[in-house]
Amino acid sequence: MSGESVRRVVVLGAGTMGQGIAQVTAQAGFVTHLYDVDSTRITRAIDSIKHVTDKLVQKGKMLNETRSELIGALVAAPDLAKAAADVDLVIESAPEQMDLKVNLLREVKAVAPSHAILGTNTSSLSITEIGTRLGEPGRTIGLHFFNPPPVMELLEIVRGLGTDEATVAASQVIAKRLGKTAIIVNDMPGFATSRLGVVIGAEAMRMLETGVASVEDIDRAMELGYRHPMGPLKLTDLVGLDVRLMILEHLHKEIGEQFRPPAILRQMVRAGRLGKKTGEGFYRWTESGPVPVKR
Ligand code: CAA
């Protein structure tokens with residue numbers, strides 16, 4: 001499958017990332033089927049894309065015509081067999097659990113055309129293992145997007161041990177068509193981005209635990225001192241504390257002690273304080289913006 005001939009996509013999972021990825025692929029003109037086990041999440045995600053793009057049109061940042069084409073390219077797809085029947089590209093964006101991802105992709109593989117590229121938006125799990133367990137290492141590839149997908153420029157393409165060069169080449173073309181800049185990374189735990197990103201996030205949490213500074217000042221340190229667009233605790237809220245915990249647990253097991261999840265992160269996940277998506281994490285996410293939670 002060449003990257004130029006991809007027309008139809010299925011995005012598996014309508015969470016924060018699935019929603020953003022669907023917006024990106026639909027805006028690039030791909031017919032985009034959005035699937036989730038919970039069909040209410042599909043409706044919510046499409047409504048949210050309508051809302052976000054409406055605001056972009058109002059602010060003069062998107063043409064109304066572009067918005068109409070984008071919305072027209074989105075298909076709510078609660079039936080997986082139908083959703084994947086004639087796609088050229090699969091982008092799996094389910095939670096960071098190996099068995100869940102493999103089982104979902106197995107179902108898709110059973111109905112999708114044999115030329116379809118099997119992409120996964122995993123942040124850290126092994127592409128080699130996913131490809132091997134699917135029995136399709138050649139067309140399995142990591143397509144790692146960043147939150148918020150419509151805004152972030154990078155696409156991290158992760159090559160598993162058995163990924164065909166043709167699949168890598170097609171993914172590079174797809175990245176370009178999506179308006180992204182691609183990097184190619186070999187399949188090692190945490191790839192290039194997550195491995196570095198979670199270290200800063202986890203260290204910021206340990207600094208908070210040991211009373212180095214407040215939430216606000218730890219974030220300001222990196223925003224003003226290092227020009228990061230947002231500090232590591234705010235970014236953890238944006239990504240989701242549950243997502244960061246799953247990545248850290250995996251990297252702790254695969255690489256070692258420096259990735260041990262901080263106790264505060266486990267506690268907050270247990271309390272359901274998952275960040276922006278639940279309204280509270282290190283910040284309370286109000287209509288007028290994030291407010292640091294005093295501790
Ligand atoms: N679609 C299209 N455009 C959108 C959009 C959407 N859904 N949401 C926001 N935008 C646009 C806005 O219109 C705005 O455009 P202009 O610059 O032209 O005005 C721009 O994006 C910035 O948005 P805002 O003004 O609302 O907000 P901001 O300036 O405070 O920036 C941010 C917000 C882009 C999130 C910025 O703070 C940032 O870059 N933060 C770091 C994000 C980051 O590091 N992400 C990676 C996380 S790790 C990850 O995702 C990987 C993983 O595996 C867990």
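Which residue follows α11, and what is the sign of its phi? Here are a few notes for anyone opening this structure for the first time.

1. Taking that question right away: Gly 256 comes after α11, and its phi is positive, near 145°. Keep in mind that this is a predicted model.

2. Now the helix itself. α11 covers residues 241-254, so 14 residues in total, and from its first C-alpha to its last it reaches 20 Å. That is close to the 20 Å expected at 1.5 Å a residue.

3. Have a look at which α11 residues are buried. Among them are Leu 241, Leu 245, Leu 248 and Leu 251, along with Ile 247. Asp 242, Arg 244 and His 250 are buried as well. In general, an α-helix has 3.6 residues a turn, so residues three or four places apart point the same way.

4. What sits over those buried residues? The cover includes α8 (193-209), α10 (232-239) and α12 (263-270).

5. Stepping back to the whole protein, you'll find 12 helices and 10 strands. The C-alpha trace spans about 55 × 45 × 35 Å along its principal axes. The radius of gyration is 19 Å, which agrees with a compact globule, because one of 295 residues would have a value near 19 Å.

6. On the inside, 49% of the 295 residues count as buried. Of the contacts between residues at least 6 apart in sequence, 67% join residues at least 24 apart.

7. As for the outside, the accessible surface comes to about 13,800 Å², with 54% of that belonging to carbon and sulfur atoms. There are 35 positive and 34 negative side chains, and the centres of the two sets lie 3 Å apart.

Note on methods
Residues are numbered from 1 along each chain as its sequence is written. This is a predicted model: local features need pLDDT of at least 70, side-chain atom pairs count only at pLDDT 80 or more; totals for chains, interfaces and linings use all residues. Side-chain values use heavy atoms; hydrogens and water are left out. Helices (H or I, at least four residues) and strands (E, at least two) are DSSP runs, numbered from the N terminus. The radius of gyration is taken over C-alpha atoms; the globule rule is 2.2 Å times the number of residues to the power 0.38. Buried means under 20% relative accessible area, exposed over 50%, partly exposed in between (1.4 Å probe, protein chains only). Contact means heavy atoms within 4.5 Å. Accessible areas come from the Shrake-Rupley method with a 1.4 Å probe; for residues, only the protein chains shown count as cover. Lys and Arg count as positive and Asp and Glu as negative; His and the chain ends are not counted. The place of a charge is taken as NZ of Lys, CZ of Arg, CG of Asp or CD of Glu. The expected span of a helix is 1.5 Å times one less than its number of residues.
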